[in-house]
Amino acid sequence: MTKNKWLEIDEKARNVLLKNDRGGYTVPTPNLYPYQWNWDSAFAGWGFSTFDIERAWQELDTLFAGQWYNGMVPHILFRRNDPDYFPGPEVWGAKGHGPISSSGISQPAVAATFVREIWEKDKSTGNVRLRKIFPKLLEWHRWFMKWRLSEKNTVFISHPWEAGRDNSPDWDDAMEAINPFDVGVYTRRDTSHVDSSMRPTKEDYDRYLWLVKRGRELEWDEQLMSKNRPFEVADPTMTFILLRACRDLLFMAEALNFDSAEISEWCTKLSDGIETLRNPNGGFFNAINCLTGAHSGNITSASFLNWYAGMHDEKTLEILAKTLEEINYPIPSLSIDSEKFDGMRYWRGPTWAILNSLVGLGLAEMGYLAEAEILRNSTQSLIAEHGFAEYFHPINGTPGGGDSFTWTAAVWLAWASPSNGEH
Ligand code: DGY
């Protein structure tokens, strides 16, 4: 790629972020996702940090402005009403738990890691800004450790949307066990924005909504919801990401001379839990249905997040080498060898720049520079050739889901573009 070409893509990526800006926060993409989403915003902050540090902080500040009084940071902040999205605030029925109308679940804890990235770039106001946001990050992590830690010290999800990998086959078994008998009649909006072959099925949606209904009826009271949970799946995305985020939080606590003992304990606990996510047959990290103990048996992009969490793993390295031999594009959300592989359907096969950037960061930090470079280069070609789609077919690169997507543009700017500082 010529320098002119990549500078042109940099400019386009900045424009995606600016166009998706709704005044201090960004939407993931117009129409399909018209509100502020949790981990999307954290990625947006990382993207903004490459050209507007103040705006980067603002993105994280607006996200944490919606933090619940119990510490949870919701997965969606419904900042202004948009009937184009379903399920909206009325369906969630989560009023009064926090200062901004929101959903009732959270999302992967990438924020502390991107706060660290922004803080390290901001030599002038960094410490002042960090001091303000730090207690909020701490409260959020404390909420995870209180309400989402399984007996085996892994992080579980209470709803598939909490992992961000909405319709991953990782939850199939737990989802099948739910009988969404009284979910009622509803009209989806997602399939009016993108083709239904790219979205979760009606069977999935019935269960998503049934779980939302349960939360609403229990008034999103974590104590009540924790009794007889109908859905509880220990997830490698949540566990590796929270472990990484806790390590970054620890680093920042030490730099600010804050007490860090509690955060150290969290790191130890989560590190201890990781091994239980290992599939006994294949040796890879996978999800576990906490209600039955069943391993999902799926190799997903989350299976490769161990380096991001600071953990070496020979077996995963072997599987990574095989995966990279099989396809020219970066790691797919489900192994192409799986019977369930579906290259365009959301989290059941497509490749996502965000997950690949996290895996790539981890690999590079732990000395696997060649593998990190393969992931980065293939993500670079994918975006350069196919644009800022939500995700891509992992074999032929066809763009899928929403377009002009904030986090794909952010990943381009902060990681994949040849312009970014590290390369
Ligand atoms: C959706 O509406 O598909 C979102 O992913 C839920 O968070």
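**Warm-up.** By class, how many nonpolar, polar and charged residues does the lining of the second largest cavity have?

*Solution.* A quick word on the model before counting. This is a predicted model, where local features need pLDDT of at least 70 and side-chain atom pairs count only at pLDDT 80 or more, while totals for chains, interfaces and linings use all residues. Residues are numbered from 1 along each chain as its sequence is written, and side-chain values use heavy atoms, with hydrogens and water left out.

Step 1: get the terms straight. On a 1 Å grid over the protein atoms alone, a cavity is a set of points where a 1.4 Å probe fits but cannot get out; a pocket is an open set with protein on both sides within 12 Å along at least five of seven lines; lining residues have an atom within 4 Å of a point.

Step 2: sort the lining. Ala, Val, Leu, Ile, Met, Phe, Trp, Tyr, Cys and Pro count as nonpolar, Asp, Glu, Lys and Arg as charged, and the others, Gly among them, as polar. That gives 7 nonpolar, 4 polar and 3 charged residues.

Step 3: place this cavity. Its volume, the space filled by probe spheres set on the points (joined across faces, edges and corners), is about 110 Å³. Among its 14 lining residues, Ser158, Leu211, Arg214, Trp220 and Met225 are the closest to the centre.

**Exercise 2.** Where does the ligand sit?

*Solution.* Step 1: look through the cavities. The whole structure has 3 of 30 Å³ or more, and the largest has a volume of about 190 Å³. Of its 21 lining residues, Tyr33, Trp37, Gln107, Asp166 and Tyr346 are the closest to its centre.

Step 2: place the ligand. The ligand sits in this largest cavity, meaning more than half of its atoms lie within 2 Å of the cavity's grid points.

**Exercise 3.** Which residues surround the ligand, and how far is its oxygen from the side chain of Tyr85?

*Solution.* Step 1: list the shell, using heavy atoms within 4 Å. You'll find Tyr33, Trp37, His75, Tyr85, Trp161, Asp166, Arg199, Tyr205 and Tyr346. By class, that's 6 nonpolar, 1 polar and 2 charged.

Step 2: check the polar contacts (N or O pairs within 3.5 Å; within protein, one must be able to donate a hydrogen and the other to accept it, and residues adjacent in sequence count only if both atoms are side-chain atoms). A ligand oxygen is 2.5 Å from an N or O atom in the Tyr85 side chain. For His75 the distance is 2.7 Å, and for Tyr346 3.3 Å.
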